[in-house]
Amino acid sequence: MKPLVPVSTGARIILGAGFFVMFVAVWGAATWSGWVPPLFLASPDRTLAAGWSLLTEFGFAGDIAITIFRVVGGFLIAAAIGVPLGLMMGAFKPIEAFFEPFVSFARYLPASAFIPLLILWAGVGEAQKLSVIFIGSFFQVVIMVALIAGGTRMDLVEAAYTLGARSRGILRRVIIPSAAPQVMETLRLVLGWAWTYVIVAELIGATSGIGHMIMDSQRLLDTGQMIFGIVVIGLIGLITDFLFKALNRALFPWASL
Amino acid sequence: MSRKTLRIAGVTRSFPGRGKAGPTLALQPTDLTVQPGEFVAILGPSGCGKSTLLRIVAGLDRPTAGAVTLDGVAVTAPGPDRGMVFQSYTLFPWLTVAQNIRFGLEERGLPLAEQAAIADRFIARTGLRGFENHWPRQLSGGMQQRCALARALANDPEILLLDEPFGALDHQTRELMQELLLEIWEADRKTVLFVTHDIDEAIFLANRVVVMSARPGRIKADVAVPLSYPRDWTMKTTPDFATLKARLMGEIRDEVRKAAMA
Ligand SMILES: Nc1ncnc2c1ncn2[C@@H]1O[C@H](COP(=O)(O)OP(=O)(O)OP(=O)(O)O)[C@@H](O)[C@H]1O
Ligand SMILES: [Mg+2]
């Protein structure tokens with residue numbers, strides 16, 4: 001192994017899959033051997049069986065759908081407002097000076113701590129779930145996008161000026177395109193965090209969703225179902241991550257040459 | 001063909017100090033008048049304020065005192081009438097070669113067909129045919145600077161400001177670029193302000209060489225280059241060239257030493 005030398009695609013897939021196989025093998029060894037009792041940890045096959053019954057008998061697909069809707073919905077609202085605001089803050093320093101201190105403060109407020117308040121304000125319906133995701137992602141998006149936009153290469157801005165661009169052109173044709181790939185990367189990260197908020201939101205005062213199912217399974221001490229729920233979240237995360245990366249490569253071929 | 005006269009009158013620039021350090025005087029009061037169509041090379045040791053002077057003419061920096069005027073009109077902000085090629089690579093990485101060249105035309109709102117025609121002409125003139133749809137990352141340093149030159153020229157500026165555009169290139173590429181620039185200048189006769197460290201480059205290209213002192217910069221010598229155009233590389237071996245080179249080397253040696261000791 002040499003530092004920073006890339007690996008081939010084939011080797012990458014084998015290595016990446018290898019860890020999953022190893023992980024499941026260790027899990028299987030620990031449970032099948034009886035070393036960890038099923039009360040604490042279900043074996044891989046029992047987890048799959050629990051998952052199968054969840055999907056076929058208990059309408060778990062609906063729970064998955066509603067959770068995805070909450071995450072993506074709250075995340076999209078946060079991005080739709082947060083990205084433009086962040087870009088404006090990064091580009092125009094008075095706007096940054098106005099919002100930045102508050103946003104920096106607000107982003108340390110834990111979204112989960114708002115859940116009791118939000119239940120009070122918005123009940124236990126979808127508005128409350130979306131609000132939790134929104135609070136959890138919005139301030140992060142704003143602060144990171146502002147930082148990215150503020151870091152636009154000054155020499156490119158100056159080159160644009162000497163080519164006749166004015167403020168509008170600088171924002172539209174330099175700051176935004178130069179920030180775009182990193183903004184997408186930020187959104188990918190924040191979407192990952194949004195998943196952790198939604199589960200917390202569903203643990204309290206929810207009647208549907210993956211988090212709610214996990215909560216229910218705890219009451220029945222069904223570790224198979226709980227683990228299956230967690231694995232599903234991981235899989236969805238893996239898929240969205242993959243989609244995001246593919247989208248980035250398609251949208252910004254210049255950035256990944 | 002340029003028509004406007006550039007006047008740099010008493011331009012001074014000092015940068016405010018930070019913390020305990022006092023302000024840095026980068027440029028002493030500097031006067032320079034450049035006639036339309038002149039090719040002026042600015043020669044000086046590192047840190048003498050060449051970039052600062054060029055940036056002030058471009059409108060990217062403001063003088064602490066003095067003024068720059070173009071046909072009597074004060075320069076206060078950057079504009080498309082003063083095109084610039086920078087020392088560093090400044091192509092927009094998200095635009096292809098052709099899109100980079102069209103950047104200024106698009107900003108001016110020219111019809112698409114006209115943009116394409118102009119871009120195409122400069123792609124041909126800078127030898128970038130076949131690379132129109134490449135991203136800047138896919139180009140060599142020499143090609144990137146040719147594209148930057150095409151991008152500035154496509155805007156049809158009054159003045160071309162070139163800040164060591166070939167500074168980062170290897171010797172051979174550099175000589176090719178000099179010939180290319182010369183060819184373009186001989187055809188268009190645009191006013192050029194060309195900053196360089198390289199005496200040969202200054203003589204080969206310019207019809208006037210301005211030597212700057214070590215920091216704080218001021219104009220130490222203003223020398224006409226008595227070589228006729230069109231020029232080609234054989235010029236570099238003529239006695240006239242050698243005489244002028246010896247003279248400029250004398251002028252600049254002391255300054256480089258002073259800059260190195262400072
Ligand atoms: N933004 C700035 N803030 C403080 N000092 C600066 C700034 N820009 C330039 N200077 C100082 O002004 C002086 C002149 O800088 P300038 O970049 O014009 O030199 P130069 O002649 O172009 O040098 P080089 O040939 O190395 O490019 C330098 O001493 C530099 O430290
Ligand atoms: Mg410089």
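This report walks through a predicted model with chains A and B, from whole-chain features down to single bonds.

Residues are numbered from 1 along each chain as its sequence is written, and chains are lettered from A, with ligands numbered from 1, in the order in which they are written. Because the model is predicted, local features need pLDDT of at least 70 and side-chain atom pairs count only at pLDDT 80 or more, while totals for chains, interfaces and linings use all residues; side-chain values use heavy atoms, with hydrogens and water left out.

## Chain A and its helices

Let us start with chain A. Its secondary structure comes to ten helices and zero strands. Helices (H or I, at least four residues) and strands (E, at least two) are DSSP runs, numbered from the N terminus. Read from that end, the elements of chain A run α-α-α-α-α-α-α-α-α-α. Along the principal axes, the C-alpha atoms of chain A fill a box of roughly 70 × 55 × 30 Å.

The UniProt record (an unreviewed entry) lists a "transmembrane region" feature at residues 12-35, 64-87, 108-124, 130-149, 194-214 and 226-244 of chain A. UniProt positions are given in the numbering used here, feature names are shortened, and annotations may be inferred rather than shown by experiment. An unreviewed UniProt entry also places "domain: ABC transmembrane type-1" at residues 64-244 of chain A. For chain B, an unreviewed UniProt entry gives "domain: ABC transporter" at residues 6-239.

The table sets out the make-up of some of these annotated spans.

| Span | Helix | Strand | Distance between end C-alpha atoms |
|---|---|---|---|
| Residues 64-244 of chain A | 85% | 0% | 20 Å |
| Residues 64-87 of chain A | 100% | 0% | 33 Å |
| Residues 194-214 of chain A | 71% | 0% | 17 Å |
| Residues 6-239 of chain B | 32% | 26% | 32 Å |

## How helices meet

Now for two pairs of helices. Axes here are lines fitted to C-alpha atoms, for helices over the stretch in contact, and angles run from 0 to 180 degrees between N-to-C directions. Angles under 35 degrees count as roughly parallel, over 145 as roughly antiparallel, 65 to 115 as roughly perpendicular and the rest as oblique.

Within chain A, the axes of helix 5 (residues 115-122) and helix 6 (residues 126-150) come within 9 Å and cross at roughly 140°. Helix 5 and helix 6 of chain A are therefore oblique to each other.

The second pair joins the two chains in our tour. Helix 8 (residues 167-203) of chain A packs with helix 2 (residues 97-107) of chain B at an angle of about 155°, their axes 12 Å apart. Helix 8 of chain A and helix 2 of chain B are therefore roughly antiparallel to each other.

## Spaces inside the model

On a 1 Å grid over the protein atoms alone, a cavity is a set of points where a 1.4 Å probe fits but cannot get out, and a pocket is an open set with protein on both sides within 12 Å along at least five of seven lines; lining residues have an atom within 4 Å of a point. Grid points are joined across faces, edges and corners, and a volume is the space filled by probe spheres set on the points.

The largest pocket has a volume of about 390 Å³. Among its 15 lining residues, Phe20(A), Phe23(A), Val24(A), Trp27(A) and Val231(A) are the closest to its centre. Helix 1 (9-32), helix 2 (44-57) and helix 10 (223-251) of chain A each supply at least two lining residues, and the largest share, seven residues, comes from helix 10.

What about cavities? The whole structure holds one of 30 Å³ or more, and the largest cavity has about 40 Å³ of space. Its lining is made of Leu153(B), Leu160(B), Leu181(B), Ile184(B), Trp185(B), Asp188(B), Lys190(B) and Val192(B). Helix 5 (residues 171-188) of chain B gives the most to this lining, with four residues.

## Unusual spots in chain B

Most residues other than glycine have a negative phi, and most peptide bonds are trans. Asp71(B) is not a glycine, yet its phi is positive, about 50°. Asp71(B) sits in the loop between strand 4 (65-70) and strand 5 (73-74) of chain B.

The peptide bond from Arg215(B) to Pro216(B) is cis, with omega near -5°. Pro216(B) lies in the loop between strand 9 (208-212) and strand 10 (219-224) of chain B. Tyr229(B) and Pro230(B) are also joined by a cis peptide bond, with omega about -5°. Pro230(B) belongs to the loop between strand 10 and helix 7 (239-261) of chain B.
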